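The following paragraphs lead through a structure of paired chains, and they are best read with the coordinates open alongside.

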Amino acid sequence: MDAILDVQNLTKHYKDFTLDHVSFSIPQGTIMGLIGENGAGKSTTINAIFDLIHKDEGIVTFWGQELSSSKQLKEDIGVVFDGINFYETLTPVKVGKIAGAAYQQWDRQLFQDYLRRFRLPLDKEIKSLSKGMKMKLCIAVALSHKPKLLIMDEATSGLDPVMRDDILDVFLDFVQDENHSILMSSHITTDLEKIADFITFIHQGKVLFCKTKDELRYKYGIIHCGTAMFDQIDKDDILAFRKDDYQWNILVSDKDSARRKYKNAVVDSASIDDILLLYVKGEQGK
Amino acid sequence: MKSLILKDLFNIGHNVKSMMFILVVLAFAFIPFSGAEGYIFICTILCSMMIVTTFAFDDHSKWTRYAMIMPISKKELVGGKFVILVIFCAIGSLVGLIGSFIGGLIMKKIVLDPAGVGRLLFLTLVAWVFSLIFGSMSIPLVFKFGAEKARVLLLVSFLIPAGICCGIYQILSMLGIVMTDRTVFILLCCSPVLAVIWAYVMYRISCHVFEKQEV
């Protein structure tokens, strides 16, 4: 599959944080979830992808081209940040006029359709909209210039489950077109479990893994056992582990194999949340 | 570019009523005592200062970051601010002209003859030039130091051009060149060209400052 977005060795050094050789690519027609704890480097990655910060190393290409090489590329990319970037006294209609003047591909009718679909009031100031409505307005703007790639940085954070579900439906609609892709950074892993095809996990500025969601859901597992059993487990099988009050939780990459190998242990499926927690709060295996 | 101009005009449009109120109050406060001429300058400079307010709005909504993911270049973003400044200066000088004309007539501070009207028009142009020079200075400063230091930067942006003018005057005096009324008049006539050159230099400096920045 052709990569819509290809990130190679993206590196950015700060005094107290380093985004360290981050690499991943998003195939056409897929949704990539970017997960990690707060401060892991998700937003820094997105900022570096858009040249909003100067990267120290690495290459980012959209459809094989660097962003700086063609203004047209930005027409095909829709972006939603974690807050609205229009001043609070503007109305959705004015926002549409501003964005419409910026994008050649702007579809006024499509924007109005989204406003209607999201039940957004046309002449109400942004400051009087709820957080969910503001986010829907951002999504309407991002989709109304007919992008092929949608990039979102914590777009669903702070929204209630109903609102998040509505928005996830919009994203699923968007990827019905096989030329469309989404990169979605979020620490709400349940959202990504619903819609993502791939998960890239960033921890302390490094990519820990970039795998299909199905591999994580159906192959990864957690062994729950006591200390005696823990000592018997082959250290090569351990991806990460953490000791609770009464038991050890051990993340393994092949739960079926673990079930066969450690018959006395309880092996459960691992959710993305479990994986994230074990990597972040536990210790990593060898 | 059109998008940037629309955005600033929509944003500042919310402040139009309060600005008009201030200008009306100032008309009553200034025209009877300082004459209609000074009022034109006050209106134009006050309106040109709104350019810093647009930066504050942008900061508040993190607009600049968003603009950079739109098909807008850094140069266009900087250029947009200068176009808006020219528009603000033009609006300010026009409001000043109309206000001083009406206020001057009511308060009998101007004479309705060709010379009087011509003088007002000439001063309107000079006010536009001065506020363009001051406003142009503020743009690279705000790009460099941020809108939160706006008050200090506004002062600096007025002091620097004033300092340069004083410096040139001192040098001319030392060289024995006397500034007559005729010389001043010629300089004022040339001032629109000087202001445009000054604005262009400030635009280039702003581009240089903004190019290096992370947003």
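In this predicted model, a useful place to begin is strand S3 of chain A, residues 31–35, where S3(A) is joined by four bridges to strand S8 of chain A, residues 198–203, the two running parallel. Within that pairing, A:Leu34 stands opposite A:Thr200 of S8(A). S3(A) is also joined to strand S7 of chain A, residues 181–185, again in parallel and by four bridges, and here A:Met32 has A:Leu183 of S7(A) as its bridge partner.

In a regular strand, side chains alternate between the two faces of the sheet. In S3(A), A:Ile31, A:Gly33 and A:Ile35 point one way while A:Met32 and A:Leu34 point the other way, and all of them are buried. Because five of the five residues of S3(A) are buried, the strand is largely enclosed by the rest of the structure.

Chain A also holds an open sheet of three strands, ordered S2-S1-S4 and paired in the antiparallel sense. Its edge strands are S2(A), residues 18–27, and S4(A), residues 57–62, each of which pairs on one side only, and the twist from one strand to the next averages 10°. Strand S1 of chain A, residues 3–13, pairs with S2(A) in the antiparallel sense over seven bridges, with A:Ile26 of S2(A) as the bridge partner of A:Leu5. Helix H1 of chain A, residues 42–49, packs on this sheet and touches S1, S2 and S4 of chain A, its direction making about 110° with that of S1(A).

Turning to chain B, helix H2, residues 16–61, and helix H5, residues 114–145, pack with their axes 9 Å apart and at an angle of about 25°; the two helices, H2(B) and H5(B), are therefore roughly parallel to each other. H2(B) passes H5(B) in a right-handed crossing. Among the residues making the contact are B:Phe41, B:Ile45 and B:Phe55 of H2(B), together with B:Leu123, B:Trp128 and B:Phe134 of H5(B). Taken by class, this contact of H2(B) with H5(B) has 15 nonpolar, six polar and one charged residues.

How do the two chains meet? Here 21 residues of chain A are in contact with 21 residues of chain B. On the side of chain A that touches chain B, the elements giving two or more residues are helix H2, 72–75, and helix H3, 92–102, of chain A, and H3(A) gives the most, with five residues. By class, that side of chain A has twelve nonpolar, four polar and five charged residues.

Note on methods: Residues are numbered from 1 along each chain as its sequence is written. Chains are lettered from A and ligands numbered from 1 in the order in which they are written. This is a predicted model: local features need pLDDT of at least 70, side-chain atom pairs count only at pLDDT 80 or more; totals for chains, interfaces and linings use all residues. A residue is buried if 20 or more other C-beta atoms lie within 10 Å of its own, exposed if 12 or fewer, and partly exposed in between; C-beta atoms are placed from the backbone. Two strands pair if DSSP finds at least two bridges between them. Axes are lines fitted to C-alpha atoms, for helices over the stretch in contact, and angles run from 0 to 180 degrees between N-to-C directions. Angles under 35 degrees count as roughly parallel, over 145 as roughly antiparallel, 65 to 115 as roughly perpendicular and the rest as oblique. A crossing is left-handed if the near helix is turned anticlockwise from the far one by less than a right angle, and right-handed if clockwise. Two residues are in contact if their C-beta atoms, placed from the backbone, lie within 7 Å. Ala, Val, Leu, Ile, Met, Phe, Trp, Tyr, Cys and Pro count as nonpolar, Asp, Glu, Lys and Arg as charged, and the others, Gly among them, as polar.
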